[in-house]
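Please examine the sequence and the structure shown below before reading on. The report that follows is written for a reader who has not met this structure before.

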Amino acid sequence: MLIRNATLADGRVRDVRVAGERIAAVEEELTAEAGEDVIVATGKRLLPGMIDTHVHFRQPGFGHKEDWTSGSKAAAAGGVTTVVDQPNTDPPTTTGDAVDGKAAFARASAVDYGLNGGVTPDWDPDSLFDRPLFALGEVFLADSTGDMGIDADLFDDAVARAAAADVPVTVHAEDADLFSEDALSRSDDDADAWSAYRTPAAERAAVERAGEVAADHDTAVHIAHTSTPEGVDAAADAGLTCEVTPHHLFLSRDDLDELRTFGRMNPPLRDEDRREALFERLADGTIDIVATDHAPHRREEKTVGIWDAPSGVPGVETALPLLLVAAADGRLSYERVRDVTAANPAALFDLPSKGRIEPGRDADLVLVDPSERRHIRGLDLHSKCGWTPFEGREGVFPEWTMLRGGVVYHGAADAFAETRGRNVRAPEDAA
Ligand SMILES: NC(=O)N[C@@H](CC(=O)O)C(=O)O
Ligand SMILES: [Zn+2]
Ligand SMILES: [Zn+2]
């Protein structure tokens with residue numbers, strides 16, 4: 001297949017040949033071979049598929065919120081070609097058997113995937129590290145959905161075990177000792193109470209602790225869903241990498257009047273100044289990765305008071321579309337979009353076949369027309385949850401998404417090809 005005249009993230013206009021599962025050539029001009037399919041991409045952007053290093057696809061245990069079929073379709077429709085699933089399922093992914101059990105569900109995935117291992121007091125590191133983990137994480141330094149928060153000693157142990165196994169660690173960095181007791185007296189219908197409770201100081205302290213433990217064990221630690229400029233700067237100062245979510249980049253406490261409990265997540269939405277400072281750090285290169293923390297809950301589960309609502313919002317289908325609008329508006333370069341969604345996650349998490357449009361790499365590609373914006377509507381999206389915190393915002397959605405040489409999502413028809421995702425750490429295990 002030949003994709004002709006596509007504009008790449010760096011502005012070069014190129015012809016791209018896909019042969020089998022790989023990118024075969026990227027040249028100023030390529031001549032179509034006899035019988036070769038040609039896609040004319042004049043005026044359109046061709047990007048590497050997004051690698052979303054942080055999703056919660058909920059199986060096993062919570063398939064009513066999301067399953068691997070619905071979650072991975074949402075991913076493909078949003079231009080995401082690789083997802084990494086988190087361990088707070090039921091059972092939690094803390095033993096080798098639990099990884100095997102989740103792997104059976106993940107075979108339904110429409111996109112490539114990695115599976116993370118998790119840590120609880122009764123985890124089994126021997127069998128866990130015997131499996132092809134993407135990373136150890138998210139390791140919860142405070143309780144979130146699933147109540148997997150652990151203490152300082154176990155965190156230290158876990159990082160030591162991961163370092164010995166040469167597996168990277170990702171950390172949910174909040175320190176519950178620094179949550180605001182005062183906020184607990186706020187009323188159940190005060191949607192801002194969650195943001196008041198889980199403070200910026202709690203994030204910063206936990207990032208600093210993660211930095212100390214990483215240094216003690218001389219190993220790679222990555223901070224998940226960093227939500228404050230203080231957290232990002234503390235990570236950078238400690239030599240840690242970090243990710244931010246679209247909701248912390250595009251939403252703030254100002255949106256909670258409208259979002260109500262549908263804006264409750266961990267870490268919570270921050271004030272507008274912090275949101276802006278986070279966006280600056282995205283644009284200037286301080287932030288390494290955008291990952292969605294796609295954490296769907298059913299509408300009826302969210303429709304309770306702020307203190308009882310489950311934490312988490314969906315995001316896997318809307319991340320790249322929102323970033324592409326920011327790029328089209330000149331608030332972010334297309335190169336930054338490529339780096340934070342694809343090139344950096346591939347480099348940091350050792351996926352040499354993914355993340356860039358270069359000969360020899362997997363043909364994981366997304367074609368978009370930046371002049372075609374669509375209003376985001378929860379009911380149009382493919383997650384089981386049926387809602388989005390970005391309702392009514394604009395997105396640039398894929399015309400198509402290609403996974404290893406095959407189109408897995410056709411935008412015009414809103415249609416998906418047959419399922420063919422593989423575990424990126426164990427491609428030979430594919431069904
Ligand atoms: N972020 C959230 O608010 N929720 C996540 C868990 C997590 O990432 O902490 C979930 O699984 O629901
Ligand atoms: Zn988390
Ligand atoms: Zn998460």
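The sections below treat the metal sites, a sheet with its helix, a buried serine and the cysteines.

## Nature of the model

The structure described here is a predicted model. Every value in this report is therefore computed from that model.

## The zinc ion (ligand 2)

Three protein residues act as donors to the zinc ion (ligand 2): E138 through OE, H172 through ND1 and H225 through NE2. They lie 1.9 to 2.1 Å from the ion. Along the chain, these donors follow the spacing E-x33-H-x52-H. Two of them link distant parts of the chain, since H172 and H225 are 53 residues apart. H172 belongs to strand β10 (residues 169-172), while H225 is found in the loop between β11 (221-223) and α7 (229-237).

Are these two histidines buried or exposed? H172 has a relative accessible area of 1% and is buried because the limit for that class is under 20%. H225 is likewise buried, with a relative accessible area of 1%.

## The zinc ion (ligand 3) and the bridge

The zinc ion (ligand 3) is coordinated by H54 (NE2), H56 (NE2), E138 (OE) and D293 (OD), at 2.0 to 2.3 Å. The spacing of its donors along the chain is H-x1-H-x81-E-x154-D. H54 lies in strand β6 and E138 in strand β9 (residues 136-140), so this pair ties together parts that are 84 residues apart in sequence. Both H54 and E138 are buried.

Which residue bridges the zinc ion (ligand 3) and the zinc ion (ligand 2)? The bridging residue is E138, and the two ions lie 3.5 Å apart.

## A parallel sheet and helix α1

Strands β6, β7 and β8 form an open sheet of three strands in the order β6-β7-β8, with parallel pairing. Its edge strands are β6 (50-55) and β8 (112-115), each of which pairs on one side only. On average, neighbouring strands of this sheet are turned by 20° against each other, direction ignored.

Strand β7 (residues 80-85) is joined to β8 by four bridges, and the two strands run parallel. Within this part of the sheet, T82 stands opposite D112 in β8. Helix α1 (residues 68-77) lies across β7 and β8 and runs at about 135° to β7.

## The surroundings of S311

S311 is located in the loop between α11 (299-302) and α12 (319-328). Its relative accessible area is 5%, so S311 is buried. The side chain of S311 makes a polar contact with the side chain of R264, at 2.9 Å.

Which residues are in contact with S311, leaving aside its neighbours within four places in sequence? They are T145, W194, R264, M265, N266, H297 and K302. R264 thus appears both in this list and as the partner in the side-chain polar contact.

## Cysteines

How many disulfides does the structure hold? The number is zero. Two cysteines may be described by their accessibility: C242 counts as buried at 2% relative accessibility, and C385 counts as buried at 7% relative accessibility.

How values were computed:
Residues are numbered from 1 along each chain as its sequence is written. Chains are lettered from A and ligands numbered from 1 in the order in which they are written. This is a predicted model: local features need pLDDT of at least 70, side-chain atom pairs count only at pLDDT 80 or more; totals for chains, interfaces and linings use all residues. Side-chain values use heavy atoms; hydrogens and water are left out. Donors are N, O and S atoms within 2.8 Å of the metal (3.2 Å for Na, K and Ca); water is not among the atoms, so sites may look incomplete. Buried means under 20% relative accessible area, exposed over 50%, partly exposed in between (1.4 Å probe, protein chains only). A disulfide is a pair of cysteine sulfur atoms within 2.5 Å. A polar contact is a pair of N or O atoms within 3.5 Å; within protein, one must be able to donate a hydrogen and the other to accept it, and residues adjacent in sequence count only if both atoms are side-chain atoms. Contact means heavy atoms within 4.5 Å. Two strands pair if DSSP finds at least two bridges between them. Axes are lines fitted to C-alpha atoms, for helices over the stretch in contact, and angles run from 0 to 180 degrees between N-to-C directions.
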